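Dear colleague,

Please find below the structure that I am handing over to you. My findings follow directly after it.

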Amino acid sequence: MTATSYPADWLRGLLTTCVLKTLEKGPTYGYAIITQLAEAGLGDIKGGTLYPLLNRLEDRGLVEVQWREGDGGPGRKYFFLTDAGTQELATLTVTWQTFSTTVTTHLTH
């Protein structure tokens, strides 16, 4: 999918939700998260944006970290959703859907 250039503040506002959604598929590491977000059409997310976000999510208890041995290379830090992270994703998804509908209604009337 070709990425559309969205305003940066839109992406900043939704990046947490999108990262949690990516992690819903199972444990993964930072570069893979960046790749999946790009494939979803969200553009090029920099590590300097993603890793602090992942640290904040860990601090809030929404993700946990596990080091795994690399296949012939260095180990990787894998991130996975906690039960609290799954609940937060559900809450954010419903909130986003309501907000998105409200904005769409406003813009079309």
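How many nonpolar, polar and charged residues does the lining of the second largest pocket have? The model is a predicted one, and in it that lining has 7 nonpolar, 4 polar and 3 charged residues.

The second largest pocket holds about 190 Å³ of space. Its lining consists of 14 residues, and those nearest the centre of this pocket are A8, L11, L42, D44 and I45. Helix α1 provides the largest share of this lining, namely 4 residues.

The largest pocket encloses about 500 Å³ of space. A total of 18 residues line this pocket, with W10, L14, C18, L42 and W96 lying nearest its centre. L42 is thus named among the residues nearest the centre of the largest pocket and also among those nearest the centre of the second largest pocket. By class, the lining of the largest pocket comprises 11 nonpolar, 5 polar and 2 charged residues. At least two lining residues come from each of the helices α1 (8-24), α2 (30-39) and α4 (83-108). The greatest contribution to the lining of the largest pocket is that of α1, with 7 residues.

Helix α1 therefore merits a separate description, as it gives the most to the lining of the largest pocket and has the expected length: at 1.5 Å a residue, its 17 residues should span 24 Å, and this agrees with the 24 Å between its end C-alpha atoms. The helix nevertheless bends by about 50° at L14, a residue that is also listed among those nearest the centre of the largest pocket. Within α1, the residues L15, T17, V19, L20, T22 and L23 are buried.

I turn now to the strands. Strand β2 (residues 63-68) pairs with β3 in the antiparallel sense, over 6 bridges. In this pairing, R68 stands opposite R76 of β3. Strand β3 (residues 76-81) is also joined to strand β1 (residues 28-29), again antiparallel, by 2 bridges. Here Y29 has Y78 of β3 as its bridge partner. Strand β3 accordingly pairs with β2 and with β1.

With kind regards

Technical notes
Residues numbered from 1 in each chain as written. Predicted model: local features only at pLDDT ≥ 70, side-chain atom pairs only at ≥ 80, totals over all residues. Heavy atoms only, no water. 1 Å grid on protein atoms, 1.4 Å probe; cavity = no way out; pocket = protein on both sides within 12 Å on 5 of 7 lines; lining within 4 Å. Points joined across faces, edges and corners; volume = space filled by probe spheres on them. Nonpolar A, V, L, I, M, F, W, Y, C, P; charged D, E, K, R; others polar. Pairing = 2+ DSSP bridges. Expected span 1.5 Å × (residues − 1). Bend = angle between axes of the 7 residues up to and from the residue. Buried < 20%, exposed > 50% of the residue type's maximum accessible area, 1.4 Å probe, protein only.
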